[in-house]
Amino acid sequence: MSQKVDWAKYVAETEKNITNKLNSVEISGEDQKKEKIGEVDEEAPEQFSPAEASLLAKIIRKGLVENKNSVEVQRKDPKSPLYSIKSFEALNLTPNLLKGVYGMGFNAPSKIQETALPTLLADPPQNLIAQSQSGTGKTAAFVLAMLSRVDVSKSYPQVLCLSPTYELAVQTGEVAAHMAKFCPDIEMKFAVRGEEVPRGTKLTEHIIIGTPGKVLDWSLKFKVFDLKKITVFVLDEADVMIDQQGHQDQCIKIHKNLSTTCQMMFFSATYDQEVMEFAEHIVKNPIIIRLKREEESLDNIKQYYVRQVKIILH
Ligand SMILES: Nc1ncnc2c1ncn2[C@@H]1O[C@H](COP(=O)(O)OP(=O)(O)OP(=O)(O)O)[C@@H](O)[C@H]1O
């Protein structure tokens, strides 16, 4: 996929920067007062923005967050039966895509993937709103759906994924690049700051992953790709998105220019009213699934205890 190497380098550098910043973090002993990363010392002047917290969580996480709760289907289309799968083979993926999934070390779908994937890959396409906490496999699910929907015989953008920040877009691109390792014909392009395309260019890549401002510029201002030809629209980290100044309006503007037949996928780690109102605006007739947070028992999270964290991310 185009640009894979550059972005991998960027992620490595970001991780190095954050690791350096984490050097000031004290790891508490058993007898010390414990605070989790992300909880803010009231005296501390700096706090994580939701986007920074999300990026940091992705970088320090080492694999899937297990959750024993069942997926709640909050709304479903009565005309289409909702089912869940227990293996990736059941999805009828192309052999190369399946190879990519196994190559990432995924043996079986996660809880949220069991229900989300059949909906995301359904024919005719169905719209989905999915909510589950960070680390439960949402990104892997929609990236798999994005890749499997690409028609490589058509040389124009067909799949659009919006992320709230440059760094989060890059993280998603990395997952897509890994999963598409055996699908060399699928091409992707980042629409983020620093990426420029000359006026008059027509993009030939199949997948665009970007931030709302840049995507608006490229599509409506410079017309380097046509939003009407997008068949899959993913809105990732919607809760983080609405926290960013102006992003919600930009997403709505992009959404307005999509075709009515475009499949909408909406993902959020939280589920408050503001997020749901945004979701309902963007995603018409959705299937809504939710995996409730499993309180205080997450093995991969509880090991990160720190005292008085003060980290500034630029
Ligand atoms: N089916 C699976 N089997 C094993 N590991 C998986 C599976 N799906 C995802 N993972 C891994 O689990 C971790 C979390 O997955 P992912 O990033 O997709 O979660 P997420 O819900 O999107 O998190 P966030 O909200 O932070 O974006 C990643 O390291 C990913 O590679």
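Glu196 and Lys214 pair up in a salt bridge, with their closest N and O atoms 3.2 Å apart. Glu196 sits in the loop between β6 (188–191) and β7 (207–210) while Lys214 belongs to helix α7 (residues 212–221), so this pair ties together parts that are 18 residues apart in sequence. Keep in mind as you look around that this is a predicted model. Besides this pair, the tour below takes in the ligand and its shell, a few residues in loops and helices, and two domain spans from UniProt.

**Salt bridges**

- How many salt bridges does the structure hold? The count is six, and the Glu196–Lys214 pair is one of them.
- The two partners of that pair differ in exposure: Glu196 is exposed, with a relative accessible area of 59%, whereas Lys214 is buried at 14%.
- Lys214 counts as buried because its 14% falls under the 20% cut-off, and Glu196 counts as exposed because its 59% is over 50%.
- The link between the side chains of Lys214 and Glu196 also qualifies as a polar contact, at 3.2 Å.
- Glu195, too, takes part in a salt bridge: its side chain meets that of Lys189, with 3.6 Å from N to O.
- Are Glu195 and Lys189 buried or exposed? Both residues are buried.
- A further salt bridge joins Lys154 to Asp151, where the closest N and O atoms are 3.5 Å apart.
- Lys154 is partly exposed, at 37% relative accessibility, and Asp151 is also partly exposed, at 28%.
- Both values lie between the 20% and 50% cut-offs, which is why neither Lys154 nor Asp151 is called buried or exposed.

**The ligand and its shell**

- The ligand has 19 residues around it, and those that come nearest are Lys58, Arg61, Ser134, Gly135 and Thr139.
- By type, the shell divides into six nonpolar, nine polar and four charged residues.
- Which element gives the largest share of the shell? Helix α5 (residues 138–149) does, with three residues.
- Ser134 reaches the ligand through its side chain, where an N or O atom is 2.6 Å from a ligand oxygen.
- Thr136 uses its backbone instead: a polar backbone atom of Thr136 is 3.1 Å from an oxygen atom of the ligand.
- Leu64 likewise offers a backbone N or O atom, which lies 3.2 Å from a ligand oxygen.
- Taken alone, the ligand exposes 630 Å², and the protein buries 84% of that area.

**Ser110 and its link to Thr136**

- Ser110 is found in the loop between α3 (95–103) and α4 (111–120).
- With a relative accessible area of 5%, Ser110 is buried.
- A polar atom in the side chain of Ser110 lies 2.9 Å from the backbone oxygen of Thr136, and Thr136 also has a polar backbone atom 3.1 Å from an oxygen of the ligand.

**Gln133 in the loop before α5**

- Where does Gln133 lie? Its place is the loop between β4 (128–132) and α5.
- Gln133 is buried, at 2% relative accessibility.
- The side chain of Gln133 makes a polar contact of 3.3 Å with the side chain of Asn67.
- Gln133 and Arg290 are 157 residues apart along the chain, yet their C-alpha atoms are separated by 9.3 Å.

**Arg149 in helix α5**

- Arg149 lies in helix α5, the helix that supplies three residues to the ligand shell.
- At a relative accessible area of 21%, Arg149 is partly exposed.
- Arg149 and Val159 are ten residues apart along the chain, with 7.9 Å between their C-alpha atoms.

**Domain spans from UniProt**

- The unreviewed UniProt entry lists "domain: DEAD-box RNA helicase Q" at residues 86–114.
- Over residues 86–114 the chain is 45% helix and 0% strand, and the C-alpha atoms at the two ends are 6 Å apart.
- The feature "domain: Helicase ATP-binding", also from an unreviewed entry, is placed by UniProt at residues 119–289.
- How much helix and strand is there in residues 119–289? The span is 36% helix and 18% strand, and its end C-alpha atoms lie 10 Å apart.

Note on methods
Residues numbered from 1 in each chain as written. Predicted model: local features only at pLDDT ≥ 70, side-chain atom pairs only at ≥ 80, totals over all residues. Heavy atoms only, no water. Near = heavy atom within 4 Å. Polar contact = N/O pair within 3.5 Å; in protein donor to acceptor, adjacent residues only side chain to side chain. Areas by Shrake-Rupley, 256 points an atom, 1.4 Å probe, with all protein chains shown as cover. Helix = DSSP H or I, 4+ residues; strand = E, 2+ residues; numbered from the N terminus. Nonpolar A, V, L, I, M, F, W, Y, C, P; charged D, E, K, R; others polar. UniProt positions renumbered as here; feature names shortened; annotations may be inferred. Salt bridge = Lys/Arg side-chain N within 4 Å of Asp/Glu carboxyl O. Buried < 20%, exposed > 50% of the residue type's maximum accessible area, 1.4 Å probe, protein only.
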